[in-house]
Amino acid sequence: MEKIAVLMGGRSLERDVSLRSGERISAALDERGYKVLALDVTPELTETLRSERPDAVYIALHGKYGEDGTIQELLEFLGVPYTGPGVVASALAWDKAVSKRLFRANGIPTPDWVTFSADAFKEMGAARALDLVPDALGGFPLVVKPAEQGSALGLTRVEDAGALPDAFLSALSYGSVAIAERWIEGAELAVSVLDGPGGLEVLPPVEMVPKSGLFDFSAMYTPGETDYYVPARLTDDVAAEVRRLAGAVHTLLGCRHVSRVDMVVGADGVPNVLECNTSPGMTETSLLPMAADAVGVGFQDLVERLARAALDGLE
Ligand SMILES: Nc1ncnc2c1ncn2[C@@H]1O[C@H](COP(=O)(O)OP(=O)(O)O)[C@@H](O)[C@H]1O
Ligand SMILES: [Mg+2]
């Protein structure tokens, strides 16, 4: 019987979300006849992996350390195959300031943005450039968010210049780099990509319509707070373009097994890529399972498919 260690929890701010993903993944693997070792990530993790010698690790971690290349680097050194993108793809996708530069340099539309680090504020007086930000981004509203975070944590929609410094302070309390980005009013989409022996499979786009108007932490994880449309309500042309872009992002960042690309399609029908997630949520309200379900791939099928990608060494 193949043994799979499901890594969940850890100390990231998305710990609780990860525990919810991890419990469901563990149950699915158990149902499918794998020996499951559910592991909360603690300083004992390495010792446990060495003594238990699982055939593969299922990474059900979200956020820092689980999604930024840290756990991937350790697992590679330990020689344990794992689900999801590798070290470099994880690190690139996790850092929005870097991945957005790659998007722009490679013709993938992404909203205009500027990056400020805490060091630039502290060491170089970058606060003296904040007044230039609104004009650079086409005015208000705009959004300020940490470059390295998930689940909309530390994200503020900024309506006027007076609110800009506090928005940066808030974003920088989550990490050392913050970005300000042009706000795109439009349809919010998540487009999941799976790869397999037959090549990339882009799943139907999921459209999220949060009842509060903002797809924040509560709208993401509280059942009933957001309406979902699968497939998204798009014209055939826009749907095709959105799917093409998701595949292009997955390939550009060097992802393997799975990724989920978040986008906003503006009123003009032009899609804008916000970010790429390399360990997408697997909770009851999560977008990847929803998209898979729409093409007849149930939760257990999805989980087993990703586990097999790791066990079978799919690169
Ligand atoms: N530039 C933007 N225009 C419109 N909405 C945005 C923009 N940036 C973020 N958002 C909203 O905030 C949510 C989270 O932002 P995102 O960039 O995906 O970061 P993360 O999910 O990693 O926190 C998005 O799903 C979207 O609802
Ligand atoms: Mg997102």
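Tutor: A residue is called buried when its relative accessible area is under 20%, and exposed when that area is over 50%. Keep in mind that this is a predicted model.

Student: Why is Lys145 called buried?

Tutor: The relative accessible area of Lys145 is 7%. The limit for buried is under 20%. The value falls under that limit, so Lys145 is buried.

Student: Where does Lys145 sit?

Tutor: Lys145 is in strand E5, which covers residues 142-146.

Student: What makes the link between Lys145 and ligand 1 a polar contact?

Tutor: A polar contact needs a pair of N or O atoms within 3.5 Å. A polar side-chain atom of Lys145 lies 2.6 Å from an oxygen atom of ligand 1. That is within the limit, so the pair counts.

Student: Which backbone atom makes a contact with a nitrogen atom of ligand 1, and at what distance?

Tutor: A backbone N or O atom of Ile184 lies 2.9 Å from that nitrogen. The limit of 3.5 Å applies here too. Asp262 also takes part: an N or O atom in the side chain of Asp262 is 3.4 Å from an oxygen atom of ligand 1.

Student: How much of ligand 1 does the protein bury?

Tutor: Taken alone, ligand 1 exposes 540 Å². The protein buries 96% of that.

Student: Which elements give two or more residues to the shell around ligand 1?

Tutor: They are strand E5, strand E7 (177-182) and strand E13.

Student: How many residues surround ligand 1, and which are the closest?

Tutor: There are 17. The closest are Lys96, Lys145, Ala152, Glu181 and Glu188. By class, the shell has 7 nonpolar, 3 polar and 7 charged residues.

Student: How do you know that ligand 1 lies between two domains?

Tutor: Look at who supplies the shell. Domain 2 (92-109 + 185-311) gives residues, and domain 3 (113-182) gives residues as well. Both contribute, so ligand 1 lies between them.

Student: Which other domain is there?

Tutor: Domain 1 covers residues 3-83. The C-alpha centres of domain 1 and domain 3 are 33 Å apart.

Student: What makes Asp262 and Glu275 donors to the magnesium ion, ligand 2?

Tutor: A donor here is an N, O or S atom within 2.8 Å of the metal. Asp262 (OD) and Glu275 (OE) coordinate the magnesium ion at 1.9 to 2.1 Å. Those distances are within the limit, so both residues supply donors.

Student: Why is this pair said to tie parts together?

Tutor: Asp262 lies in strand E12 (residues 258-266), and Glu275 lies in strand E13 (residues 271-277). The pair therefore ties together parts that are 13 residues apart in sequence.

Student: Are Asp262 and Glu275 buried or exposed?

Tutor: Asp262 has a relative accessible area of 11%. Glu275 has 13%. The limit is under 20%, so Asp262 is buried and Glu275 is buried.

Student: What makes Arg53 exposed?

Tutor: Its relative accessibility is 67%. Exposed means over 50%, so Arg53 counts as exposed. Arg53 is in the loop between helix H2 (45-52) and strand E3 (56-59). It has a positive phi of about 45°, although it is not a glycine.

Student: Which other non-glycine residue has a positive phi, near 55°?

Tutor: That is Ser151. Ser151 is found in the loop between strand E5 and strand E6 (156-158). Its relative accessible area is 9%, so it is buried.

Student: How do you know that Ser12 is buried?

Tutor: Its value is 9%, and the limit is under 20%. So Ser12 is buried. Ser12 lies in the loop between strand E1 (3-8) and helix H1 (15-31).

Student: What does the side chain of Ser12 reach?

Tutor: It reaches the backbone nitrogen of Glu14 at 2.8 Å. A polar atom of the Ser12 side chain also lies 2.8 Å from the backbone oxygen of His62.

Student: Which peptide bonds are cis, with omega near -5°?

Tutor: Among them are the bond from Phe140 to Pro141 and the bond from Val230 to Pro231. Pro141 lies in the loop between helix H7 (133-136) and strand E5. Pro231 is in the loop between strand E11 (226-229) and helix H10 (236-252).

Terms used: Residues are numbered from 1 along each chain as its sequence is written. Chains are lettered from A and ligands numbered from 1 in the order in which they are written. This is a predicted model: local features need pLDDT of at least 70, side-chain atom pairs count only at pLDDT 80 or more; totals for chains, interfaces and linings use all residues. Side-chain values use heavy atoms; hydrogens and water are left out. Donors are N, O and S atoms within 2.8 Å of the metal (3.2 Å for Na, K and Ca); water is not among the atoms, so sites may look incomplete. Helices (H or I, at least four residues) and strands (E, at least two) are DSSP runs, numbered from the N terminus. Buried means under 20% relative accessible area, exposed over 50%, partly exposed in between (1.4 Å probe, protein chains only). A residue is near a molecule or strand if one of its heavy atoms lies within 4 Å of it. A polar contact is a pair of N or O atoms within 3.5 Å; within protein, one must be able to donate a hydrogen and the other to accept it, and residues adjacent in sequence count only if both atoms are side-chain atoms. Accessible areas come from the Shrake-Rupley method with a 1.4 Å probe; for residues, only the protein chains shown count as cover. Ala, Val, Leu, Ile, Met, Phe, Trp, Tyr, Cys and Pro count as nonpolar, Asp, Glu, Lys and Arg as charged, and the others, Gly among them, as polar. Domain bounds come from an automatic or database domain assignment.
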